Amino acid sequence: MTAVVALEAITTATRRRRSWTLVVGLVLFGLVLATAIVSLFWLPYDPADTAGSRLEPPSLAHWAGTDRLGRDLATQLMIGARIALAVGIGSVAIGAVIGITLGLVAAFAGRVLDDGVSAFLDILIAFPTLLLAMLIVAAQGASLWSAVLAIGLAMSAIIARLTRILAKRILALDYITASRTSGTGMWGIIWQHLLPNVWPTILVNLALQFGLSVIAEASLSYLGLGAPPPNSSWGRMLKEAEGTVLTAPIGAIAPGIAIVILVLGLNLIADGLRDIGDPLRRVSARAVPAPTTEGPR
Amino acid sequence: MTIYILRRLVVLVVSLVLASIVIFALLRLLPGDPANALLGVGATDAQISAARAQVGSDQSIWQQFGIFLRQLVTFDFGRSFISNLPIGPEITARLVVTLPLTLLSFVLAVIIAVPLGIIAATKSSRWYGATISAASQLGIAIPVFWVGILLISWLALSAHLLPSGGFPRDDWKDPAAALRSLTLPVLTIAIVMSASLLRYVRSATLDVLGSDYLRTFRSLGGSFSGTLVRHGLRNGAVPVIAILGIELATTFLGAVVVESVFTLPGLGSMLVLGISQHDYPAVQGVLFVSTLFVLLVGFGADIAQRLVDPRLRDTVSGNRP
């Protein structure tokens, strides 16, 4: 009886705490998403408009000041939101489609193919996202598409390994055997039993990977290997403002805060989703994903 | 254990070979002749074929791959397309910057993260425990190069405490000067790395705190800290070692970006320069050495895990279900 009461207490207390995490995450993410959507229809200035005076501090005319060419920083920040989200969504889409497919193939395949795919994934995961991205940029040239492709491919290895492990765990359960003996085919098993069970965990990881891809894109752009001008990525804005950090600090601070808002929002969403998917999880234990799903960033 | 090490060694070598194939294939099979990178627009046919002979792109892909493999085995890596200097010594010279940067950052990150992570777990109901957890949540959302920019503006440009970048020309002949130029980069990487490391230490500690063996031992009269040190540390260490391996590899990558912030002449800046100049031998060499480092660290972490936890020894990879 005591145990039941204690269990309920934990569940309700943590549930409240958890939905709060998700709400904050959604608000932060929504802020960036709204900015990006607005930027599609309206911008304060033309991004190429260099009419403003140089390195102006924030004012009513220029909310975030101007850069060293006199361009409006608020405009660039808004376009940056668009780019960050485009890279994130694009790479998550690539990572999810390739990753989940490959993971399922490995889980269903015979031992030889499974071992082969697993070994290949281990190598890809050992190959850090940023290095893989730089390799693809080296071969393809710097562009938004190269960045999306590279980050998405690196992500797909991580998602594939996760899907494979989760799927194998579920395929070994008795009710799958029961379902198979009663005549459900492979696709039936996948749609009815496998995907509904693995989806929550994969969704949590996709949210985390979204955040990592935003940082990876910013790093690439900072190194000059991301989307070329006139795409004002937050990473490139930081690179350009680096030299004038003392005279015009806003330019070197605002894009950084924008990145933190987006990534923090996504991480909080991931935490919130994980808690909803597993309400019995101890309050704060395993607040980070199991090590098996991670690779060097 | 010996059998395990031998099997793991085979995995290491196979991974390395496969990784070099990936590096080679991605750089060569994609469209574009590296010879074009050497020449400007309007080069004559004779110049083009001379350039192709110089970079080796006139040979078949299999011949090129053979040359590439031979270079890797001998740690030769060929010559730079741009400067025509051998790549191997260049990499060694730059490792002198990157390796200390990586290792110092890693050690500092561990020194920060382990005690704070344990405090965050054991004192999670206190305000400072919660503050540490919140700070680490913020820390994993911050791009490492931004921390570098902010630290430069505060500690180097405003306060003039430390150099804002660069590295002594004579490397480590003056260790004090070398350390001074590495201080800010090390601090930058350590701040960001310790945030994610802290979260793993915290969750590993929480797992140990919730375990039945700890409760049993305490019910037999063991003191809290005594029990934690005697039983908790060893059990909690296993997942943390796995993460330490990944974190060390991540630190190495953090170095790639941070070197650009602080204009350090390390492997990272060599890689970025190589990519922008289409200097394939340089890119190949740096990527190979980086992959070797990452794989060796993974190898070391796997062995260390099994030394700490004998139960893992009969599995090839502790991660497999």
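## Chain A at a glance

What share of the contacts in chain A with a separation of 6 or more comes from residues 24 or more positions apart? Such pairs account for 70% of those contacts. Please keep in mind as you explore that this is a predicted model.

Chain A is built with nine helices and zero strands, so its pattern along the sequence reads α-α-α-α-α-α-α-α-α. It has 297 residues, and 56% of them count as buried. The accessible surface of chain A comes to about 12700 Å², with 70% of that area belonging to carbon and sulfur atoms.

## Where the two chains meet

Let us turn to the interface. Here 52 residues of chain B are in contact with 53 residues of chain A. The size of an interface is often given as the accessible area lost when the parts come together. For chain B and chain A, about 4800 Å² is buried between them, and carbon and sulfur atoms carry 74% of that area.

Across this interface there is one salt bridge. It joins the side chains of Asp271(A) and Arg199(B), with 3.7 Å from N to O. Two residue pairs are in polar contact between chain B and chain A, both at pLDDT 80 or more. On the chain B side, the elements that give two or more residues to the surface touching chain A are helices H1 (2-28), H6 (127-139), H7 (144-158), H8 (175-209), H10 (224-261), H11 (267-276) and H12 (280-308). The largest share, ten residues, comes from H10(B). Sorted by class, this side of chain B has 35 nonpolar, twelve polar and five charged residues.

## A closer look at helix H8 of chain A

Is H8(A) largely enclosed or largely open? Six of its eight residues are buried, so H8(A) is largely enclosed by the rest of the structure. The buried residues are Trp234(A), Gly235(A), Arg236(A), Met237(A), Leu238(A) and Ala241(A). At the N-terminal end of H8(A), Ser233(A) acts as a cap: one of its side-chain oxygens lies 3.2 Å from the backbone nitrogen of Gly235(A).

Gly235(A) is a good residue to click on next. It sits in helix H8, which covers residues 234-241 of chain A. Its relative accessible area is 0%, and because buried means under 20%, Gly235(A) counts as buried. Leaving out residues up to four places away in sequence, Gly235(A) touches Ala218(A), Ser221(A) and Tyr222(A), and also Phe145(B) from the other chain. Gly235(A) and Ala218(A) are 17 residues apart in sequence, yet their C-alpha atoms are 4.0 Å apart in space.

## Two residues of helix H2 in chain A

Helix H2 of chain A spans residues 73-108, and it offers a contrast between two of its members. Gln76(A) belongs to helix H2 and is buried, with a relative accessible area of 4%. Beyond its neighbours within four places in sequence, Gln76(A) is in contact with Asp67(A), Arg71(A), Ser232(A) and Met237(A). Met237(A) is already familiar as one of the buried residues of H8(A).

Val97(A) also lies in helix H2. Is Val97(A) buried or exposed? Its relative accessible area is 56%, and the cut-off for exposed is over 50%, so Val97(A) counts as exposed. The C-alpha atom of Val97(A) is separated by 17 Å from that of Ile165(A), and these two residues are 68 residues apart along the chain.

## Two threonines in chain B

Chain B holds a pair of threonines worth a visit. Thr205(B) is placed in helix H8 of chain B. With a relative accessible area of 10%, Thr205(B) is buried. Residues up to four places away in sequence aside, Thr205(B) touches Ile118(B), Ala121(B) and Thr122(B).

Where does Thr263(B) lie? Thr263(B) is found in the loop between H10 and H11 of chain B. At 55% relative accessibility, Thr263(B) counts as exposed. The backbone here also deserves a glance: Thr263(B) has a positive phi of about 40°, although it is not a glycine.

Methods:
Residues numbered from 1 in each chain as written. Chains lettered and ligands numbered in written order. Heavy atoms only, no water. Contact = heavy atoms within 4.5 Å. Buried area = accessible area lost by both parts, 1.4 Å probe. Salt bridge = Lys/Arg side-chain N within 4 Å of Asp/Glu carboxyl O. Polar contact = N/O pair within 3.5 Å; in protein donor to acceptor, adjacent residues only side chain to side chain. Helix = DSSP H or I, 4+ residues; strand = E, 2+ residues; numbered from the N terminus. Nonpolar A, V, L, I, M, F, W, Y, C, P; charged D, E, K, R; others polar. Buried < 20%, exposed > 50% of the residue type's maximum accessible area, 1.4 Å probe, protein only. Areas by Shrake-Rupley, 256 points an atom, 1.4 Å probe, with all protein chains shown as cover.
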